[in-house]
Amino acid sequence: MDRRIGRWIDRWMGRWIGIRHVIDTGVVKARTHHPTTGLDVLKVEQISKAQAWQRTGRAAREAPGKCYRTYTKDEFERMKEMPVPEIQRCSLAGVALQLLAIGVDITSFDFMDRPPKEAVDVAVTCLEKLAAVKGSPPQLTTLGRTMSLFPLDPRFTKVILASVEHRCLEEALTVVALLSGESIFTDPPAKRQQAYAAKSRFASPEGDHVTLLNVFRGYTATNSQKKVWCHENFLQHRNLEYASEVRQQLAALAERANLEKASCGTNTEQLRKALLEGLYENLAELQRDHTYVTVSSKQPVAIHPSSTLHGTKPPLILFTEIVATGKCYLRDLSIIENSWLSEKGAVSIKNE
């Protein structure tokens, strides 16, 4: 574990070696959890003064450098001093699970940066729906104890555990690992058509999760010259390598948890069913006017242009995250059948 941490630090520090000039746009993509809707939204927002000075420092790691800011001094002065602490803007379900695993009740824990009570309540409710906790004050269930072994969002851990029942653990580990890092696709403006054609070779009509699985299968099947293969297929070799490392760690944790290995092969419907078990609240339904709204919060949304399903109109889709730019886009999607909700005792969705 210490060697892995060392390699991660080396890679992280290596990003800034040799940099002499930095262009600071004054904005950042930040993930924010909305307790009222229960959704994670990735949106562009203004940075703080502390983040601005941090960016400036990256231009002078080894020698004098310059940072060019694309905003005025007055705009800088209006920035807040410090960014909002992550624990106050992200889902607390994972934090709650880890605290409960060491015998600490999140509902009474004295945080240094105290999150809103509503966020704590939503986190506990989320874990209850995942069958990870029960009672008041909340106590870990046997399933919750197993879930605490994985350093993941509990929803993704539930996907991995559910995949045992659906006989697709190997595929679930791959997809969760790929979702844990940055995008594996490249989209160079000068070669956009070629990149689209390359991606279409892996595209699945079932959605983006199976598409990611197809890419990883192709990557692992390439015995040599993986960098060349990635370049030819407009893929990020570094991000695929990172996902491969994450998958190895998740596979080791799954073995430690005595999860039965299984593969669904080409029957990727089983994988989508496992995804539904963990991301059951991340559903969007097609309306009569051919737009989408989220099932849980009735938020108007659209399919992200980068999605394999863009341009199609499946009745019901599962999404991994919402990206807020000019409008709210759904990213990393899979098609879900209404009948699967009934199988799990959920209320079927009817198009209005």
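Which residues have the most contacts inside the largest nonpolar core? They are F150 and L240, within a core of 65 residues. The model is a predicted one, with a mean pLDDT of 87 for the protein and 91% of its residues at 70 or more. Its secondary structure amounts to 14 helices and 11 strands. The radius of gyration is 21 Å, close to the 20 Å that the globule rule gives for 352 residues, so the protein is as compact as a globular protein of that length.

**Confidence**

- Helix α8 (residues 169-179) has the highest confidence, at a mean of 97, whereas helix α1 (residues 2-14) has the lowest, at 45.
- Across residues 1-14 the pLDDT stays under 50, and the model gives this stretch 3 contacts beyond four places in sequence.
- Residues 345-352 also have pLDDT below 50, with 17 contacts in the model beyond near neighbours in sequence.
- Where pLDDT is low, the predicted coordinates should not be read in detail.

**Overall dimensions and surface**

- The C-alpha trace spans about 60 × 55 × 50 Å along its principal axes.
- Of the 352 residues, 44% count as buried.
- The protein exposes about 19100 Å², of which carbon and sulfur atoms supply 53%.
- Among contacts with a separation of 6 or more, 66% are between residues 24 or more positions apart.

**Nonpolar cores**

- Helix α8 provides the largest share of the 65-residue core, contributing 8 residues.
- Outside its neighbours within four places in sequence, F150 is in contact with Q98, T157, I160, L250, L253, A254, A257 and L259.
- A second core, separate from the one containing F150 and L240, has 15 residues, including V41, L309, L330 and L333.

**Helix α13**

- Helix α13 covers residues 269-278, and 9 of its 10 residues are buried, so the helix is largely enclosed by the rest of the structure.
- The buried residues of α13 are Q270, L271, R272, K273, A274, L275, L276, E277 and G278.
- Charged side chains can be picked out in that list, among them those of R272, K273 and E277.

**Backbone features**

- The peptide bond from S136 to P137 is cis, with omega near 0°.
- P137 itself lies in the loop that separates β5 (133-134) from β6 (139-140).
- R167 has phi near 60°, a positive value in a residue other than glycine.
- The loop between α7 (154-165) and α8 holds R167, and this residue counts as partly exposed because its relative accessibility is 40%, between the 20% and 50% cut-offs.
- D332 likewise has a positive phi, near 60°, and is a residue other than glycine; D332 sits in strand β11 (residues 328-335).

**Annotated span**

- An unreviewed UniProt entry lists residues 122-213 as "domain: Helicase-associated".
- In the model, this span is 57% helix and 4% strand, and the C-alpha atoms at its ends lie 31 Å apart.

Technical notes: Residues numbered from 1 in each chain as written. Predicted model: local features only at pLDDT ≥ 70, side-chain atom pairs only at ≥ 80, totals over all residues. Heavy atoms only, no water. UniProt positions renumbered as here; feature names shortened; annotations may be inferred. Helix = DSSP H or I, 4+ residues; strand = E, 2+ residues; numbered from the N terminus. Buried < 20%, exposed > 50% of the residue type's maximum accessible area, 1.4 Å probe, protein only. pLDDT = per-residue confidence, 0-100. Contact = heavy atoms within 4.5 Å. Rg over C-alpha atoms; globule rule 2.2 N^0.38 Å. Areas by Shrake-Rupley, 256 points an atom, 1.4 Å probe, with all protein chains shown as cover. Core = buried A, V, L, I, M, F, W, Y, C linked by side-chain atoms within 4.5 Å.
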